[in-house]
Amino acid sequence: MGGGGCGVKRGRSGKRAAAPRYLSLRADTLMGMFRRLPARARTQALAALAQATAEAGGDSARRYAATGARDAAVLLAKIEATAAELGWGEWQFGKRSATRLALEVRDSPFAAGYGAADIEVCAPIAGMLQAVAGMVLDTPCEARETACRARGATRCRFEAIAGRRRC
Ligand SMILES: [Zn+2]
């Protein structure tokens, strides 16, 4: 996830880093891949996608912060707006404490793309929350989805807890 911007920027290493590329992919195509995997491989693949999103999402979140969204509330509002722009559903950050950040998402494209499931499937959102929570709470954290529309919930719910894992 991340905002627009073009051209070439310098990465943290000082090397010239190309701006991230985005692609449009039908949600049911992406999530259909997970649906086709055996259960154990599916769980592993969703976890891998969450971690990959946490890494890349952290990079995006740092870029937002660098453009002036240093205040936590401003950064979270920017993330909510960007999620909507990217078609990642209607995000609403909830309760925030020194050790926890909650998020609710209406109309997750990942849940819609997967269809009925017996597990939470919105791994990219969990990954992005993990990255954002790491910045906002200023400590390593872990995020998970606690309710998923694919499992019959009215909306998807996520929570990030500080102190469990390096974001
Ligand atoms: Zn979900």
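**Entry 1: the sheet**

I began with β4 and β6, which pair in the antiparallel sense over 6 bridges, and I kept in mind that I was reading a predicted model. As a point to find this pairing by, I noted Val105, which stands opposite Cys156 in β6. I then turned to β5, which also pairs with β6 (residues 156-162) in the antiparallel sense, again over 6 bridges. Here I wrote down two opposite positions: Ala147 faces Arg157 in β6, and Cys141 faces Ala162 in β6.

What is the order of the strands in the open sheet? I read it as β3-β4-β6-β5, a sheet of 4 strands with antiparallel pairing. The edge strands are β3 (90-96) and β5 (141-147), each of which pairs on one side only. On average, neighbouring strands of this sheet are turned by 20° against each other, with direction ignored.

**Entry 2: the two faces of β6**

I looked up which residues of β6 lie on the covered face and which on the uncovered one. The covered face holds Cys156, Phe158, Ala160 and Ala162, whereas Arg157, Glu159 and Ile161 make up the uncovered face. The general rule I set beside this is that in a regular strand the side chains alternate between the two faces of the sheet.

Next I looked for a helix beside the sheet, and I found that α5 (residues 123-136) lies across β4 (100-106), β5 and β6, running at about 135° to β5.

**Entry 3: Ile161**

I chose Ile161 for a closer look, a residue of strand β6 that belongs to the uncovered face of that strand. Is Ile161 exposed, partly exposed or buried? I counted it as partly exposed, because it has 16 C-beta neighbours inside 10 Å, and a buried residue would need 20 or more. Leaving out residues up to four places away in sequence, I listed Thr99, Arg100, Cys141 and Glu142 as the residues that Ile161 touches. For one of these, Glu142, I noted that it is 19 residues from Ile161 in sequence, while the two are 5.4 Å apart in space, C-alpha to C-alpha.

**Entry 4: helices that meet α5**

I took α2 (residues 39-66) as the starting point, and its axis comes within 7 Å of that of α5, the two crossing at roughly 40°. That angle makes α2 oblique to α5, and the crossing in which α2 passes α5 is right-handed. The residues that meet here include Leu46, Leu49, Gly57, Gly58 and Ala61 in α2, and, among those in α5, Ala126, Gly127, Ala131 and Met135.

I then did the same for α3 (residues 72-85), whose axis comes within 10 Å of that of α5 and crosses it at roughly 165°. That makes α3 roughly antiparallel to α5, and this crossing, too, I recorded as right-handed. On the α3 side I listed Ala72, Leu75, Leu76 and Ile79, which meet Val132, Met135 and Val136 in α5.

**Entry 5: two loop residues with positive phi**

I went through the loops for unusual backbone angles, since most residues other than glycine have a negative phi. Asp107 has a positive phi of about 60° although it is not a glycine, and it lies in the loop between β4 and α4 (109-114). Asp138, in the loop between α5 and β5, has a phi near 60°, again a positive value in a residue other than glycine.

Which of these is partly exposed, and which exposed? Asp107 counts as partly exposed, because it has 14 C-beta neighbours inside 10 Å, whereas Asp138, with 11 such neighbours, counts as exposed.

**Entry 6: the whole chain, and where I read with care**

Stepping back, I counted 5 helices and 6 strands in the protein, and along the sequence they follow the pattern β-β-α-α-α-β-β-α-α-β-β. Buried residues make up 34% of the 167 residues. Of the contacts with a separation of 6 or more, 55% are between residues 24 or more positions apart.

I closed with the confidence values, where the mean pLDDT of the protein is 88 and 86% of its residues reach 70 or more. Over residues 2-11, however, pLDDT stays under 50, and the model has 16 contacts beyond four places in sequence for this stretch. I left those contacts without further comment, because where pLDDT is low, the predicted coordinates should not be read in detail.

How values were computed. Residues numbered from 1 in each chain as written. Predicted model: local features only at pLDDT ≥ 70, side-chain atom pairs only at ≥ 80, totals over all residues. Pairing = 2+ DSSP bridges. Axes fitted to C-alpha atoms, helices over the stretch in contact; angles between N-to-C directions. Contact = placed C-beta atoms within 7 Å. Buried ≥ 20, exposed ≤ 12 C-beta atoms within 10 Å, placed from the backbone. pLDDT = per-residue confidence, 0-100. Parallel < 35°, antiparallel > 145°, perpendicular 65-115°, else oblique. Left-handed = near helix turned anticlockwise from the far one by under 90°.
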